[in-house]
Amino acid sequence: MNIQFNGETRTVHGRTLAAVLEELGLANAKVATAVNSEFVPAAARESRELQPGDRIEALAPMMGG
Amino acid sequence: MTRDFYGVTLETPLMLGTSQYPSPAVLADAFRSSGASVATVSLRREMGAGQDFWSLVQELGTHILPNTAGCHTVKEAVTTAHMAREVFETRWIKLEVIGHTDTLQPDPFGLLEAARILVAEGFEVFPYTTDDLVLAERLVDAGCRVLMPWAAPIGSGLGINNRYALRTLRAHLPDVALVVDAGLGVPSHAASVMEMGYDAVLLNTAVAKAGDPAAMARAFSLAVEAGRTAYLADPMEPRDMAAPSTPVIGKAWLT
């Protein structure tokens, strides 16, 4: 199915947020996630099922003032 | 008196941003030269650089203060704060709710609303605010124990736009840690706010965009130390008329 991942359309096989993060190589990355603008804590990624068109954000530490 | 930051006493009254440096090596040099005790960071989409940046920040050995930079709504800021708490494993959040795109002025109404929500959720909120006294008091009423008023717009380097307002905040909020967050350009600006009794300054552009960031970081470090020491030494009151410093008694009759 197609999802929006960090603003880009991606075709993924996984059905949960955890599975998609693993598919995209971010299973062990230092990131926080949101689906459709709602924060999904790391502990809830396994149980968070995704639908086509869902908007996923995976945010990492970055420069800031 | 010593005002702490949610129970944390900072080794130096200097917070430094991690943005806009020419390279990671220059960033690390600037931090070493500054002796900064806090590093501010953000959360952005992972495009491949986030993990290395996180390693770099951890090696700085400072406290980490994540921000909600770029958020214009309460919901965005609150969600970003939740995400930052998980990633950075801290309850500290530098809360920014921006109200105007040209001046990056905080939205006072959204800021207060977001601060109330986050305090209730157990965050230790460092609100980036204007120098407005009433807003400052409302933020304190909402549970903020630290305030971060601007001196001038972010990145402008203009220095202290409203000395009266900053002095008023200090006088009316003797128990609240106050950090001048934005708009400082040169070390004398930082020394000046520290002389007024501010508890720390937060710098980014003034250091990162200097020709020699590490040297400028050192200059700011000396300035905040000078200003802090002067404040504790209780400066004299200015006066309009001259007062001779050399004794008048004993002067020879030579006319």
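# Chains A and B, side by side

User: How many residue pairs are in polar contact between chain B and chain A?
Analyst: There are 18 such pairs between chain B and chain A, counting those with both residues at pLDDT 80 or more. A polar contact is a pair of N or O atoms within 3.5 Å; within protein, one must be able to donate a hydrogen and the other to accept it, and residues adjacent in sequence count only if both atoms are side-chain atoms. pLDDT is the predictor's confidence in each residue, from 0 to 100.

User: Which elements of chain B touch chain A?
Analyst: Those giving two or more residues to that side are β2 (38-45), α2 (50-60) and α3 (74-88) of chain B. Of these, α3(B) gives the largest share, seven residues. Helices (H or I, at least four residues) and strands (E, at least two) are DSSP runs, numbered from the N terminus.

User: Any ground rules before I dig in?
Analyst: This is a predicted model, where local features need pLDDT of at least 70, side-chain atom pairs count only at pLDDT 80 or more, and totals for chains, interfaces and linings use all residues. Residues are numbered from 1 along each chain as its sequence is written, chains are lettered from A and ligands numbered from 1 in the order in which they are written, and side-chain values use heavy atoms, with hydrogens and water left out.

User: OK, what scores does the model get?
Analyst: It has ipTM 0.95 and pTM 0.93. Chain B averages a pLDDT of 96, with 100% of the residues scoring at least 70. For chain A the mean is 96 too, and 100% of its residues reach 70 or more.

User: Back to the interface. How many residues are in contact?
Analyst: 27 residues of chain B are in contact (heavy atoms within 4.5 Å) with 24 residues of chain A.

User: And how much area gets buried?
Analyst: About 2,200 Å² between the two chains, 59% of it from carbon and sulfur atoms. That is the accessible area (1.4 Å probe) that two parts lose on being put together, summed over both. On the chain B side, R45(B), M83(B) and E86(B) lose the most, together 29% of what that side buries.

User: What does R45(B) pair with?
Analyst: R45(B) makes a salt bridge with E57(A), with the closest N and O atoms 2.7 Å apart. A salt bridge needs a side-chain nitrogen of Lys or Arg within 4 Å of a carboxyl oxygen of Asp or Glu. The count between chain B and chain A is four.

User: Which residue does K30(A) meet in a salt bridge?
Analyst: E89(B), at 3.2 Å from N to O. The pair crosses between chains: K30(A) is in the loop between α1 (17-23) and β3 (32-35) of chain A, and E89(B) in the loop between α3 and β4 of chain B.

User: Which strands pair across the chains?
Analyst: Strand β5 (residues 55-63) of chain A runs antiparallel to β2(B), with five bridges between them; DSSP must find at least two bridges for strands to pair. Within that, M62(A) stands opposite S42(B).

User: New topic: where is D107(B)?
Analyst: D107(B) lies in the loop between β4 (92-95) and α4 (108-120) of chain B. A polar atom of its side chain is 3.1 Å from the backbone nitrogen of G110(B).
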